[in-house]
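Biologist: Could you choose a single part of this model and take me through it slowly, at a level that suits a first-year student? I would like to see how each statement about a residue is reached, and then how that part sits within the whole.

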Amino acid sequence: MLQVKNILVPIDFSANSGGIFELGHCMAQHTHATLHLIHIIDPIYYEKQQSEVTDLSFIHKMRLENAKEELRKFKIELPYSDVDIIEVLLEGIPHKEILKYAKQNEIDMIIIGSHGW
């Protein structure tokens with residue numbers, strides 16, 4: 001039987017993210033695994049905004065800060081948890097970054113929603 005030590009839950013902050021997080025947290029509790037919450041900022045978002053906005057660095061900085069705060073909220077909203085939760089914020093093409101992170105961190109299970117942004 002496969003022993004699950006690391007569970008990865010990609011979060012996009014959509015309405016479905018809360019449910020996916022809860023499922024990942026339950027699985028981590030049950031298996032005594034570490035839960036990795038990951039959010040990836042897609043650079044395409046900035047390319048689309050470039051023609052409309054002059055100060056992309058400000059937008060980029062605000063997007064990073066907002067994403068960090070949103071990730072923290074998932075962990076803070078748990079009244080008590082014995083699950084070790086790692087929050088990760090990356091930039092890149094989401095599916096590639098998820099797979100890259102999973103390989104680099106010996107992820108045994110990925111729990112991901114089928115719909116989101």
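Modeller: Before we look at any side chain, we need one convention: a residue is called buried when its relative accessible area is under 20%, exposed when that area is over 50%, and partly exposed when the value falls in between. Please also keep in mind that what you see is a predicted model.

To find our way, let us begin with the outline of the chain, which contains 4 helices and 4 strands, following one another from the N terminus in the order β-α-β-α-α-β-α-β. The part I have chosen for the close look is helix α3, which covers residues 56-76.

What draws the eye along this helix is its charged side chains, for the count of salt bridges in the model comes to 3. Going along the helix, we first meet Glu-65 and Lys-68, whose side chains come together at 3.8 Å from N to O. This pair counts as a salt bridge because its distance lies within the 4 Å allowed between a side-chain nitrogen of Lys or Arg and a carboxyl oxygen of Asp or Glu. Glu-65 and Lys-68 are 3 residues apart in α3, so about one helical turn separates them. With a relative accessible area of 40%, Glu-65 is partly exposed, and Lys-68, at 36%, is partly exposed as well.

The next salt bridge joins Glu-69 to Arg-72, with 2.8 Å from N to O, and these two residues of α3 are again 3 residues apart, or about one turn of the helix. Glu-69 has a relative accessibility of 36%, and because this value lies between 20% and 50%, the residue counts as partly exposed. Its partner Arg-72 falls into that class too, at 34%.

The remaining salt bridge is the one between Glu-70 and Lys-73, at 3.1 Å from N to O. Here as well the two residues lie in α3 and are 3 residues apart, about one turn of the helix. Glu-70 is partly exposed at 28%, and so is Lys-73, at 35%.

A few steps further along the helix we come to Phe-74, and here the picture changes from charges to rings. At 13% relative accessibility, Phe-74 is buried, because the value is under 20%. The model holds 2 aromatic pairs. One of them joins Phe-74 to Phe-13 in a stacked arrangement, with 6.4 Å from centre to centre and 25 degrees between the planes. This pair links distant parts of the chain, since Phe-13 sits in the loop between β1 and α1 (17-31) while Phe-74 belongs to α3, 61 residues apart. Phe-21 joins these two rings, and together Phe-13, Phe-21 and Phe-74 form one aromatic cluster.

That link across the sequence leads us to the chain as a whole. Among contacts between residues at least 6 apart in sequence, 75% join residues that are at least 24 apart. Strand β2 gives a single residue to look at, namely Thr-34, which is buried at 18% relative accessibility. Apart from its neighbours within four places in sequence, Thr-34 is in contact with Lys-5, Asn-6, Ile-7, Asp-84 and Ile-86.

For another helix to set beside α3, consider α4 (residues 94-104), where the buried residues are Glu-97, Ile-98, Tyr-101 and Ala-102. These four cover an arc of only 135 degrees around the axis, and therefore they lie on the same side of α4. On the other side of α4, His-95, Lys-103 and Gln-104 are exposed. The cover over the buried residues of α4 includes the strands β1 (6-10), β2 (34-41), β3 (85-91) and β4 (109-110).

Finally, for the whole chain, 32% of the 117 residues are buried, and of the roughly 7700 Å² that the chain exposes, carbon and sulfur atoms supply 54%.

Terms used: Residues numbered from 1 in each chain as written. Predicted model: local features only at pLDDT ≥ 70, side-chain atom pairs only at ≥ 80, totals over all residues. Heavy atoms only, no water. Buried < 20%, exposed > 50% of the residue type's maximum accessible area, 1.4 Å probe, protein only. Contact = heavy atoms within 4.5 Å. Areas by Shrake-Rupley, 256 points an atom, 1.4 Å probe, with all protein chains shown as cover. Arc of directions from axis to C-beta. Phe/Tyr/Trp six-rings, centres within 6.5 Å; stacked < 30°, edge-to-face > 60°.
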